[in-house]
Structure formats: structure tokens, C-alpha cells
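Me: Please go through a few points of this model with me, one at a time.

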Amino acid sequence: MNRLTFKQQIGNTASVVWDIIVIGGGATGLGVAMDAAQRGFRTLLLEQSDFAKGTSSRSTKLVHGGVRYLAQGDVGLVKEALHERGLLLANAPHLAHDQEFIIPYYKWWQGPFYGIGLKLYDLLSGRLSLGPSRIIGREAVITALPAIRTEKLKGGIVYHDGQFDDARLAINIAQTAAEKGAVLLNYFKVNGLQKNGEGRINGISATDLETGEEYQLQAKAVINATGVFADEVLQMDEPGARPTIRPSQGVHLVLDAAFLDSSSALMIPKTADGRVLFALPWHGKVLVGTTDTPLNEHSLEPQALETEINFILQTAAGYLRKAPTRADVLSVYAGLRPLAAPQKDADSTKEISRSHKIIVAHSGLITITGGKWTTFRKMAEDTVDMAISSAGLAAIPCGTETLHIHGYTTAHAAPVPLDVYGSDAAQLETLINTRPDLKDALHPALPYIKAQVVWAVQQEMARTVDDVLSRRLRALLLDAHAAIEMAPGVAAIMAAELGKDKVWEQEQVTAFGGIAAHYLLPAS
């Protein structure tokens, strides 16, 4: 992917008409672009910030059917998600893999109660099952989870779900879309919708935020896939339109691996307020979360609430032998789920649908809302099908069920930190052999090396230090202090690649410091 090449392809002439313009470069928008391009449609995607800057890089890192939704009786959603889980693990094995989970239980009746539910979970996954669930005894739980609180522990239930790296997958989906002919541009803000004399949308106006250049772009179909920002695009179409999104905030704390001391994940099915909590190994650390807090506002950099932080720490303390404290938190991150709003007001996000919804306005604007990472491919398929019907595009069938995501490989993974690149790892190794200094570590606390920064700029359209340290690498989520210390070195490497000066470097370090400050947890 190359931003300059993509810009040259969009032009700014009235003669260029795109089949589909996608607004939004998160999981949903990228999935739509990949699907549309794979079908052969002339596809353009515009993202106001970086790819996966918002919700799509701040998930629980699970590819799952949703045990919680099964408990709520939403069998259809769980079955669909389990099917998509299987497809994603098959199409992106370099980033998505089987993860063993253990639910400890401290009352005898909980064993058969949760065990029966998880057998139904197994059944719904069908031929794409990752393995059967089973009940294990107390000693087996302690062996698998040596950090678990053992007082009154009776046993546990083992089950399987998927785990992945969300932001890395987003970049690989973008690369897949580009390989199929799509044009994708980050830091390109859509600021208006164009309509013909009959009030039908036939294009958009946009600004390249890096240069200030204005673009008027024509399209047969425009798709609003902006997540928690969907209502802002709807307001462009119809000022005063009823809100379609009710954001829900999810917060995660990142701890040292010793707090879990296991390759298995811990799942707490019902906390004090009825929420599910996970503690799972990820990139050498432990993620603990998530919360589910309804909000009435949204931003690109949401911040964890003190009540959420305290809830996670207190709940984790009830299940882990060593209770984590604020001082143990390496990073805290918050993400906003773009839940489809209910028809009537709801104070609990449990009453707000996790299923996706597609809305077609009178103007022809297509908006996709709701859903989750696991079902991004199905959401994209349904959205492009709707675009075909609404805009009269050629009825080309979807082919993404078996489409391998960029980086796909069945070969043994490269050593950390190149393991997440899949088939691209060989090219990174070639880059390192050509420039041996790029093998140097960026920070002693994390495994990342200089070559990854160069690769992010050259091949993955990273434009800022935040793009690199938050999403191309996952440094900010894993250790905020270390990420801040890495910023000057990363800025210098990027400046050399992008032809920027020392002023740009300092501006980038300052800007990243402002972002990273929200990932640090004050002592009190």
C-alpha cells in the first residue's frame, strides 16, 4: 500500500465514477472494501484518521461466538459468530488462533450448569468447532492456572474460542483489498455528500488532511461504515435524523504475564454486576477486561472511567492469587462499541442489539451499524449485497468465505516479533539482511525492532508515530511507559523514510505523548 500512488489513482475529475465509496476504515469499512473489490467493483475507502484508529484496535482480542449472548438466548447471533470465527481462523492463521479458556467454579452446581451451556456452544459451532468443552477437577485447574485463587475452588470448565491481533488484522484486510484493486486512503476526511436533482447521493466531498487538498468524488453507491461516528454522516444526509448508535465503552487493563502465569485464559462468566470478565495472555502480557458502560458521547481517544478501572481490579482480585494494584497496570485502554440503538431509550447495553443492522436512506446512503469484529466478513457481505440491490450494481456473488487474508501462511511462524507478519516475515528478514542496523531493538522492555518501523512506513501506510506504536506495533497497549520512551527513536526512523525534518519529529513525539498519557494509570 502506498498513499501517494493511491492519491494519484483517485484523481479529481468528473469522469471518474466509483462503484462504491466506503466511508470509514475500521473493521467494518475495511471488510466492505475487501468484499467489494473481490467482486470486481471499483472501490474507494476513505478514513478520517488511521485505519482501525478507533474501536477496531481496542477490542478484547477475541474471535468468538459470545458465551454471554448464548446465556441471553441470542442463539442466532452466536451461531453466526461461531461460523465466522471458524472462517477467520482458516483465512488468517498467522493472526487468529485457537485459545483455551477455563471457567473456574466455586459452587458444585456451577460445573454442570456452565458445562451444559458450553456443550450447546460446541454444538452451534458445527464442523468449524475448535474442540469440545469439558469439565476438569480442582487440581487440573490449579495446574493449568497456577495463579488462580484456590480457596473453595471446586473445578473448572475448559472450552475453546479464537484470539487475534485486531489492528494487525485490519492492516492485512486493507492490504487484501488493495491487492484486489481497491484504493484506500487514511487521513482523508469526508465532509459532505453530493446529490443529484432527485435527491439521490451520487458522490462525496473530502479533504486530504495532510495537504488540505479538496476532492469531489462520484460514486454509484456510498456506504457509511464509520462505527460510533455513523450518526455524523447521517446528519450530512438528513440534518436532525434520529440517532442510530448508542456507544458502549469497554476498558481493558494490561498486566505483566506473571499475574496469570498461563497459556490458558481465565473467563469469569458472571461478575458482581452480571458482566463477563476475561484475563487472557496476549503478546507476552495479560489483558483483563472488559467493562460495558453506556455512553452518550464518543471520541477518537476515549478514556477509562475510574469506576471501570476499580471494577476490573476488584473483580480480578477475587480470582487471582496475587491481587493486581494500580501500580501493576502497564497500560489501560478504552474502546467504544458502536451498538445499534434501540427504538426506545435503554439504560443497559444488554438491551441494545449486538447484531448488525443495515439502513438504506431515501437518498440511497447505506449505513451499516452494530456487529462486532468476529462477524466483520458477514457484515461486509450483507452490506455489499445491499449496495448491489440499492444502486443497481452487477449481481456478482460474494467470494470472501474462502479468501485468504494478506499474510496467510501455514508455515511455522517466524520468531517474535516477526510472527505477526505471516508470509511477509521473509521480506522483513530480507530487509534486515540488507540493512543489519534495523535488527536493533527499539526498547528493552518490548521485542520490537527498527525494521518494523521502516516496514510500517514503506508497506503499511503508517503516517504518524501513533500509527506505528499503537497499531502497526502494539507497544502503546502493552506498555505505555515503554512506548513513550520509544517515540523519539521511532520518529527519527520515520522522518528518514518520509523525508521529514526535525520539527516534524518533535511535533510527532509531542503529539504521541499527549495520546499516550491517557494509557497511563495514575497512582491514585
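Me: How many residues has helix α4, and what length does it reach from its first C-alpha to its last?
Reply: This is a predicted model, in which local features need pLDDT of at least 70, side-chain atom pairs count only at pLDDT 80 or more, and totals for chains, interfaces and linings use all residues. Residues are numbered from 1 along each chain as its sequence is written, and side-chain values use heavy atoms, leaving out hydrogens and water. Helices are DSSP runs of H or I of at least four residues, strands runs of E of at least two, numbered from the N terminus. Helix α4 covers residues 75-91, close to the 24 Å expected at 1.5 Å a residue (1.5 Å times one less than the number of residues); the answer is 17 residues and 24 Å.

Me: Are α15 and α16 roughly parallel or antiparallel to each other?
Reply: The axes, lines fitted to C-alpha atoms over the stretch in contact, come within 9 Å and cross at roughly 150 degrees, on a scale from 0 to 180 degrees between N-to-C directions. Angles over 145 degrees count as roughly antiparallel. Therefore α15 and α16 are roughly antiparallel.

Me: Is I223 buried or exposed?
Reply: I223 lies in strand β10 (residues 214-224). Beyond four places in sequence, I223 touches residues including I20, V32, I366 and A387 (heavy atoms within 4.5 Å). Its relative accessible area is 0%, and under 20% counts as buried, over 50% as exposed and in between as partly exposed, with a 1.4 Å probe and protein chains only. I223 is therefore buried.

Me: What separates the C-alpha atoms of I223 and P281?
Reply: Along the chain, I223 and P281 are 58 residues apart. Their C-alpha atoms are separated by 36 Å.

Definitions and conventions
Angles under 35 degrees count as roughly parallel, over 145 as roughly antiparallel, 65 to 115 as roughly perpendicular and the rest as oblique.
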